Amino acid sequence: MSEHQMSSNALAEKVNQVIGELTGKMGGLDGSDVRGWKAGRVRWPKSATRAALEQITGLAATDLGFVRRGKDPALAARSSEDPVHRRAFIAATTGTALSAIPSTRLTVGAGDVQRLRDKLAELWLLDDQNGGGPELETRAVALSAHAMELQQNGSATTRIRSRLYALAATFTATAMWAATDSRRLGDAQRHMEKAITLAGLSGDGQAQHQIWRYASMLAGQRGRWADAVAASEAAMGTSVHRSDPRYASLTHARLALSLPALGEHSRAQHALDHASRAFTRADPEAFRPASMDFYTRGELDGLTGITHLRLGNAEKAEFHLHRCLSDLRDDQRRNRAYYTVHVAFAQLGQGDIDQACSTAAAVMPPPGSTPTGRIPHLLSTFTRHLNNQAPHARTTREWNDRTATSPRRHP
């Protein structure tokens, strides 16, 4: 500890991380435990603790001064053969590897993975609240690069390496989604190609499913509906689609969104039926990553409503979209705005122009704001449909006057 300038708390934290890597459950040690080792109050720690200390330091437990219970101290102190590969310490404050020998690399463990997952959850919350945009994309790209830096420069188990690839893929997919939501589709395509490669290296079904459903959304934004269907079908090939009905439900719902543009109306309705039945079968208590928290019964209603809009069923669409809005959490501001605009489209499709404009006006960005995400594009599309449907109506003129002074962003 003196050689590597590590405090008792820093060593305890590192041991906890490696215990987590070895056992799947983080250790619960603190600085007082380390001080107990130093003072000799604990002569032979538990096996997981000893294994972690040996992995970190490259020294046998007896070489560190511990004594086996019930053994002759002279025999117990006899050193075992030094491991061939010694592990590096990680300075807790800087993350810099402090190697016992020049060729060693920092150990990357479950604690590093958990910290990245916490950052990922922060990004998903940011997306839920504000939608995609340059800030979300920039942060996601930086975190993907950090995950890959740990992958390339750290010493880790096969399981940890798989998780790092999965995290890098998911961060890149989040950047892709941010670019898609902001309609910077060229940037989104570049992120997608990288994310698919990383997800393939990870072998992680959840990461692969997320990327394929984002790929379907991107293809739909670009009007490439056959590609959107193909991406949804690729998501059906992931392990998590087969093992978790909640994922299967989302896959079928995304497929349904793409089929009307290809004229496959019956197949779209069948996909909606599959999505609803699968959602009912799903275990609501099963562990899923935070990226699936958004997919509630209300979200399924929202996707169902948009599909009915594309099928030309405006009345059914409005029914499902209202059910969606009543189910959304208060912090899902982006989704609330998104589905509210689609309610306006459904009302417009039923000829209720006044109500449609009133609904759409509720999500117009306030004066002086910088709009992000898909809402400005959707409002522009609403304006175009309104003018096509009722070009001479008083409500249309008032809407045009109102939007002429509102902040706009070109799609």
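How many Å should the 17 residues of helix α16 span at 1.5 Å a residue, and how far apart are its end C-alpha atoms? The helix runs over residues 333-349 and should span 24 Å; the end C-alpha atoms turn out to be 25 Å apart, which agrees. These values, like the others here, come from a predicted model. Most of α16 is covered, with 14 of its 17 residues buried. After the helix comes G351, and its phi is positive, near 85 degrees.

Stepping back to the whole chain, the protein has 411 residues, and 51% of them count as buried. Its secondary structure is made up of 19 helices and four strands. Looking at contacts with a separation of 6 or more, 62% are accounted for by residues 24 or more positions apart. The protein exposes about 19,700 Å², and carbon and sulfur atoms supply 50% of that area.

Then there is the question of open space. Rolling a probe the size of a water molecule over the atoms shows where empty space is left. The largest pocket comes out with a volume of about 1,100 Å³. Its lining counts 41 residues, and the closest to the centre are M217, I306, R310, Y338 and R374. Helix α16 turns up again here: it gives the most to the lining, with seven residues. Several helices each supply at least two lining residues, among them α5 (110-130), α9 (205-221), α14 (297-311) and α18 (375-389). Sorted by class, the lining of the largest pocket holds 19 nonpolar, 10 polar and 12 charged residues.

Helix α12, which also supplies at least two residues of that lining, spans residues 245-258 and contains S249. With a relative accessible area of 0%, S249 falls under the 20% cut-off and is therefore buried. What does S249 touch, leaving aside residues up to four places away in sequence? The answer is A275, A278, F279, Y295 and L300.

A second buried residue is C324, found in helix α15 (residues 314-327). Its relative accessibility is 0%, so C324 counts as buried. Residues up to four places away in sequence aside, C324 touches G298, D301, G302 and Y339. C324 and Y339 sit 15 residues apart along the chain, and their C-alpha atoms are separated by 7.8 Å.

Methods. Residues are numbered from 1 along each chain as its sequence is written. This is a predicted model: local features need pLDDT of at least 70, side-chain atom pairs count only at pLDDT 80 or more; totals for chains, interfaces and linings use all residues. Side-chain values use heavy atoms; hydrogens and water are left out. The expected span of a helix is 1.5 Å times one less than its number of residues. Buried means under 20% relative accessible area, exposed over 50%, partly exposed in between (1.4 Å probe, protein chains only). Contact means heavy atoms within 4.5 Å. On a 1 Å grid over the protein atoms alone, a cavity is a set of points where a 1.4 Å probe fits but cannot get out, and a pocket is an open set with protein on both sides within 12 Å along at least five of seven lines; lining residues have an atom within 4 Å of a point. Grid points are joined across faces, edges and corners, and a volume is the space filled by probe spheres set on the points. Ala, Val, Leu, Ile, Met, Phe, Trp, Tyr, Cys and Pro count as nonpolar, Asp, Glu, Lys and Arg as charged, and the others, Gly among them, as polar. Accessible areas come from the Shrake-Rupley method with a 1.4 Å probe; for residues, only the protein chains shown count as cover.
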